[in-house]
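User: I have a model open and want to know what stands behind some of the labels attached to it. Please take them one by one.

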Amino acid sequence: MTVDDFAARHIGPDADSERQMLDTVGYSSIDELMDAAIPEVIRWHGTLDLPPAASEEETIRELRALAARNTVAVSMIGLGYHGTHTPAVIRRNVLENPAWYTAYTPYQPEISQGRLEALLNFQTMVTDLTGLATANASMLDEGTAAAEAMTLARRASKTKSPVYVVDADTLPQTIAVLTGRAEPLGIEVRVVDLDREALPGEFFGLHVQYPGASGAVRDHGALVDAAHAAGALVTVAADLLALTLLRPPGEIGADIAAGTTQRFGVPMGFGGPHAGYLAVRSGLERMLPGRLVGVSRDVDGNPAYRLALQTREQHIRRERATSNICTAQVLLAVMASMYAVYHGPDGLRAIARRTHTMAARLAAGLRAGGVRVADVPFFDTVTATVPGRAVEVVAAAEQRGVNLRLVDADRVGVSCDETTTAGHLTAVWAAFGVPEFTGAVDPALPADLARSGDFLTHPVFRSHHSETSMLRYLRRLSDADYALDRGMIPLGSCTMKLNATTEMEPVSWPEFAHIHPLAPDGQTAGYRELIASLERWLAEVTGYDAVSVQPNAGSQGELAGLLAIRAYHRSRGEAHRDVCLIPSSAHGTNAASAVMAGMRVVVVGCDADGNVDLVDLDAKIEKHRDALAAIMVTYPSTHGVYETGIASLCAKVHDAGGQVYVDGANLNALVGFAKPGRFGADVSHLNLHKTFCIPHGGGGPGVGPVAVRAHLAPFLPGDPLAASGDRPAISAARYGSAGILPIPWAYLRMMGAEGLTRATGVAVLAANYVAARLRGHYPVLYAGNKGLVAHECILDLRPLTKATGVSVDDVAKRLIDYGFHAPTMSFPVAGTLMVEPTESEDLAELDRFCEAMIAIRGEIDRVGSGEWPAGDNPLSNAPHTAAMVSADSWSHPYPRSVAAYPPGVAPAGKYWAPVRRVDGAYGDRNLVCSCPSPEAFED
Ligand SMILES: *Cc1c(COP(=O)(O)O)cnc(C)c1O
């Protein structure tokens, strides 16, 4: 290794370790191992055509050069994206802190109390500000949140009408996303100018924007009543900052509120990532899509947070799921919630008033200068009419470093935010050709729409207003959690690999962070070149012809890919093809996405080896031949096996006129060795937050690009402001979560063809090493060629559970005592653990994990032999907290030292779970989804 070889930093095992691991697995080289593991029919023998690997320093230099080609202008475009000051204490200690950004989705609540508390703060913030009963823990963006609201309204409404009414003063990108989602579901989106036109006779839902895209603040009370009288539900897409001053949606009778929390301290990032939100009135909470944090208790009766109502999620409900959303926007939700914690209600109100005063002054100045400004109440946005001069005014502002919104040839929109200064107003007035205005200004918010009553009354929003207190609060929460900065997170299917610091650094540079998604092209040349090269490199890696980075999670990539298949069939006069074959082992998002794409799901069985059952496949193809639209398979399979039947599977489906969708979540087992676009697939999504190093952020952000062969390229996601039937918008922003694309860009740039290929080899070696070391202690469930697994392996606990009563849950929780995050539990097979070590863990950590698993096997045997009772042993009582083992009394049949410091755990480095095992069922029966009072935490 040379000192500037990034691949050797990214890949954990060094050459000596590699040899040792190969010895254990029984191969002489990685090439020999990969030749044996990967079926020749899919093997690709070339060298990836990527630029030669650059060092970390060179990569930063190149990214600086790209960043320099973006121009950070003052953004007054608005349209759902606003300038905001990220408090530095939050930027450095959340966004730039691996304790937050490398965490996984909090499915293991005992090691996730910190981020669960932060998300509960987020939910409380949203429910308080919207005046509704329950909010979830984030959505992907405002457009998709609005689309989820639409389908929720349809499920909840008793009317049979397919019509969803959308007010014309809604953000245009939201209308585009709604329209794209509606069509395959048979929903008819009807855009109506509700200032002028009446509501139709029958409709199941109504969507209004509050304040409107034009800036106008309307009293929607009468509309809400009319919609309810028609049996429809009402969604209010509301700006949370405006809601600190305005009557909240809940008070005017809205059923649902949706929107974004971007302006709560989250940079615009050229469109994302930001946390969308979704809140519902009481009675609808069990229909809410996405993740919901709730309060429950641990076995000692202490309050503990965990994800509530998990049975609604796609893993369980599959094609009957409410939504396909899986990865959401946790890191950004944490930032937004901390912005509210830091500023508190008074601070937020002050920011809102200041923003409003700027807008009011702006309007007064324009009017004084003779410019017509719409005579309506507004919060932060004014629409000015300058007949025939709009282009000229916008250009004049750009010359002064300010971006305005070109509404049409006659109208210009100007939005203020917390970053707006007097100097910015001067520039805008000058662009309009009106003099500086210094007169008095009246507020433009109507008194009858003013918010009354307090909000954010919980002490957490009133306690951390000094930086010292905020810093310590963030530290306290992150200390409660287990993330990659503590140790290995061997989650199968999730690829928890290194998120290198060099990859992360550019994300907070202003030239990437502070760009509005609708900034003029001249200001975004660097971004667009970065995206174009990333798309090109991803096409090379996957063997596809075209890539779109717009989908902002894997689930969204799935929907985009299936919609491309659907549009393709339609373009050939085969609109009747609507059956999507999905193996029983598939990830739950697959089935949920197929339903959202208007397809019928037909399940194909798996054989005893965990492979797609080709006999059943033949039967299902025969039965649905004329209606066959697609098959959706994961490769390597969700069982972590390179199935040899993949090529014939592709051929069979193609012969029947169907398309092949390969779920690319497991691409970490293929890069450099096989290309889905070459072995028979037509389309895939990738998970850049798995294979390409975007951190999981505790449950998002992610990026789920969709990659297609040439015949599907005309049907890739469209620009939300120019979308069409063939190319619907999948996300609100044209490039989705563009702000985090420097991460995969840097990863690819620093690894190069050789590094990427080696990473795949080491990932497969590491999985086979773990399988080889643990096989004698736990059955390894599935294997392919020569008994080898791909990049992950499934440990079968079921025989042990049957013999001893020790469950997969017990093992997962006992791993916490040993200082590990559990592997993936009960997916894809109930009662098993799926281990994916990735290439980034070094041999010492792999061995530490194997030894912990072997020691746990020894503990299981002591339960099995009757030495420890089934209901009182280190496994059933795990995790053990510091409070438990230091209590004055101890009545368990094993010593405290076994509880707290099992083999390999040094007291000095011990990670303590803050709560004991959490009772999920109790929390679901007693649903509490906002901050509990502090008294709940008293002994
Ligand atoms: C992670 C995953 C998905 C979903 O991706 P998200 O980004 O969480 O939406 C789909 N399929 C498989 C096999 C996965 O592992």
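User: What makes strand S17 and strand S18 a pair?

Analyst: The model is predicted, and the pairing is read from its bridges. Two strands pair if at least two bridges are found between them. Strand S17 (residues 579–583) and strand S18 (residues 600–604) are joined by 5 bridges, so they count as a pair, and they run parallel. One of the contacts can be named: Pro583 has Val604 in S18 as its bridge partner.

User: Which helix goes with S17 and S18 in a β-α-β unit, and of which hand is the unit?

Analyst: Helix H21 (residues 588–596) does, and the unit of S17, H21 and S18 is right-handed. The term means that, with the strands pointing away from the viewer, the path from the first strand over the helix to the second runs clockwise.

User: Where else is there a right-handed β-α-β unit?

Analyst: S5, helix H10 (residues 221–229) and S6 make one. S5 and S6 run parallel and are joined by 6 bridges, with Leu206 opposite Val234 in S6. S5 is also joined to strand S3 (residues 163–167), by 3 bridges and again in parallel. There, Val165 stands opposite Leu206 in S5. Both counts reach the two bridges that a pair needs, so S5 pairs with S3 and with S6.

User: How do you know that S5 is covered on both faces?

Analyst: Gly205, His207 and Gln209 lie on one side, Leu206, Val208 and Tyr210 on the other, and all are buried. For the strand as a whole, 6 of its 6 residues are buried. Buried stands for a relative accessible area under 20%, so each of these residues falls below that value.

User: Why is Thr260 called buried?

Analyst: Its relative accessible area is 17%. The cut-off is under 20%, so Thr260 is buried. Thr260 is found in strand S7 (residues 256–260). Thr260 and Cys929 are 669 residues apart in sequence, and their C-alpha atoms are 19 Å apart in space.

User: What makes a space in this model a cavity, and how many are there of 30 Å³ or more?

Analyst: A 1.4 Å probe fits in a cavity but cannot get out. The structure holds 9 cavities of 30 Å³ or more. The largest has about 260 Å³ of space. It is lined by 24 residues, of which Gly80, His82, Gln209, Asp239 and Arg263 are the closest to its centre. Strand S5 (205–210) and strand S6 (233–238) are the elements that give two or more residues to this lining.

User: How do the linings of the largest and the second largest cavity divide by class?

Analyst: The largest cavity has 10 nonpolar, 10 polar and 4 charged residues in its lining. Gly is counted as polar, so Gly80 in that lining belongs to the polar class. The second largest cavity, with a volume of about 190 Å³, has 17 nonpolar, 3 polar and no charged residues in its lining. Among its 20 lining residues, Leu95, Pro273, Leu332, Val507 and Ile740 lie nearest the centre. Leu, Pro, Val and Ile all count as nonpolar, so these five belong to the nonpolar class.

User: Which helices supply at least two residues each to the lining of the second largest cavity?

Analyst: They are helix H12 (330–368) and helix H18 (510–513). The largest share, 3 residues, comes from H12.

Technical notes. Residues numbered from 1 in each chain as written. Predicted model: local features only at pLDDT ≥ 70, side-chain atom pairs only at ≥ 80, totals over all residues. Heavy atoms only, no water. 1 Å grid on protein atoms, 1.4 Å probe; cavity = no way out; pocket = protein on both sides within 12 Å on 5 of 7 lines; lining within 4 Å. Points joined across faces, edges and corners; volume = space filled by probe spheres on them. Helix = DSSP H or I, 4+ residues; strand = E, 2+ residues; numbered from the N terminus. Buried < 20%, exposed > 50% of the residue type's maximum accessible area, 1.4 Å probe, protein only.
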